[in-house]
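Got your viewer open? Load the model, keep the selection box handy, and follow along stop by stop.

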Amino acid sequence: MTEIARTVHQIARPEGFPTAEQFRLVESPVPAPEPGTALVENLWWSVDPYHREMMDGAFALHAPLEGRALGRVIASRTEALPEGEVVFHRKGWRTHAVVGPEETRRLPGGGSLPGVPLSAFLSVLGGTGLTAYVALTRTARLQPGEDVFISAAAGGVGSAAGRFARLLGARTLVGSAGSAAKAARLTSSLGFDAAFDYHEGPVSELLGDAAPEGLDVAVENVGGDHLEGAIARLREHGRIAWVGAVGQYHHLASPPPAPRNLYSVVSKSLRLEGVLVRNHLDAQEELYDFALPHLRSGRLVPDETVVDGFEHIVAAFLGMLRGENTGKMLVRATG
């Protein structure tokens, strides 16, 4: 076992888009577990859009960052975490972490299931997949035969929502993406019926062209003009599951104007509800029951962009914010 642990610290607050200079890689001795805890060596890390929001104040400066990770127990002082087992925890952005049983989640089959890659427990089976699943099933209450719009559909939550919506019986899937190539991939590989690059014109018009008969459900990940477009194109009694606002994460000092058609929420009897995955952690086993059979059969394919090497985790995070990923952005340990 290596004797050096590496951890990423945030050392400055961003103004606008973050930069690599606002992070520092810190080395220290590998920590030893105390009674009731275990030491895990991390294998996979998730970088997520919500980390950008936390950089503005929720992350303490000059302290280890948090994030979702999968790690193997390499030393244990608790029977609840046996050595050799792979567990999920939230002490990411570091190569090693000391965790207690209450800070971990044990994986089905110990993370080793035929037809299920370990990385899936951070993508379609992790917080990303859980967000997409509860947005569709609990918030939007998608019914078979309904028409769905997903914004930022080539990203982690968006691509998972597209896969799940099809498996849940959606009739038509429409997605937006940040480039023509990503929009083309949505229709060629991810099962969308129509997709558009939102840079090509007003989102409301592009969405109207893609779904001229209207929509029943929107899974909204962008905010601003995308939310306005979804409100405009939903049919009466449509539902919006509002997951995030990636379109304004770097512009908190001057956020975009609110949708100008909010009264349509009243006039069309729409339902607009925010989605916070931490309010739905009880759905984790439900997600496993839904998704694992489809993963094993090949009907569900995790969409992932993988960066190798912990030393590249900051670059992976910044690349994700720039839209360089298709599907979930993950970092994999090497060596």
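Helices (H or I, at least four residues) and strands (E, at least two) are DSSP runs here, numbered from the N terminus. Counted that way, the protein has nine helices and 15 strands. Bear in mind that this is a predicted model: local features need pLDDT of at least 70, side-chain atom pairs count only at pLDDT 80 or more, and totals for chains, interfaces and linings use all residues. Residues are numbered from 1 along each chain as its sequence is written, and side-chain values use heavy atoms, with hydrogens and water left out.

**Whole chain**

Start with everything selected. The C-alpha atoms fill a box of roughly 60 × 45 × 35 Å along the principal axes. The radius of gyration is taken over C-alpha atoms, and the globule rule is 2.2 Å times the number of residues to the power 0.38. For 335 residues a compact globule would come out near 20 Å, and the protein has 20 Å, so the two agree.

Now colour by burial: buried means under 20% relative accessible area, exposed over 50%, partly exposed in between (1.4 Å probe, protein chains only). Buried residues make up 54% of the 335. For contacts (heavy atoms within 4.5 Å), take pairs at least 6 apart in sequence: 68% of them join residues at least 24 apart.

**Helix 9**

Select 313–321. How many of the nine residues in helix 9 are buried? Eight are, so to speak, under cover: I313, V314, A316, F317, L318, G319, M320 and L321. To see what covers the buried residues, add neighbours including strand 1 (4–10), strand 2 (23–29), strand 3 (38–46) and helix 1 (50–54). Strand 14 (304–308) and strand 15 (328–332) are also among the cover. Step just past the helix and check the backbone at G323, which takes a positive phi of about 80 degrees.

**Aromatic pairs**

Next, show the rings. Those of Phe, Tyr and Trp (its six-membered ring) pair if their centres lie within 6.5 Å; planes under 30 degrees apart count as stacked, over 60 as edge-to-face and the rest as tilted. By this rule there are nine aromatic pairs. Pick W93 and F317: they sit edge-to-face, 5.6 Å centre to centre with 75 degrees between the planes. The pair links distant parts of the chain, 224 residues apart, with W93 in the loop between strand 5 (86–89) and strand 6 (96–99) and F317 in helix 9. Both W93 and F317 are buried.

Jump to F164 and F290, another edge-to-face pair at 5.5 Å centre to centre and 85 degrees between the planes. F164 lies in helix 3 (residues 156–167) and F290 in helix 8 (residues 284–297), so the pair ties together parts 126 residues apart in sequence. F164 is buried at 0% relative accessibility, and F290 is buried at 15%.

Then add F23 to W93 and F317: these form one aromatic cluster.

**Two last stops**

Stay in helix 8 and click P293. With 42% relative accessibility, P293 counts as partly exposed. Measure across to G115: the C-alpha atoms are 9.4 Å apart, although 178 residues separate P293 and G115 in sequence.

Finish in strand 1 at Q10, which counts as buried at 0% relative accessibility. Which residues does Q10 touch, not counting those up to four places away in sequence? They are Q22, F23, M55, F59, A60, L61, H62, A63 and L65. From Q10 to Q22, twelve residues along in sequence, the C-alpha distance is 5.8 Å.
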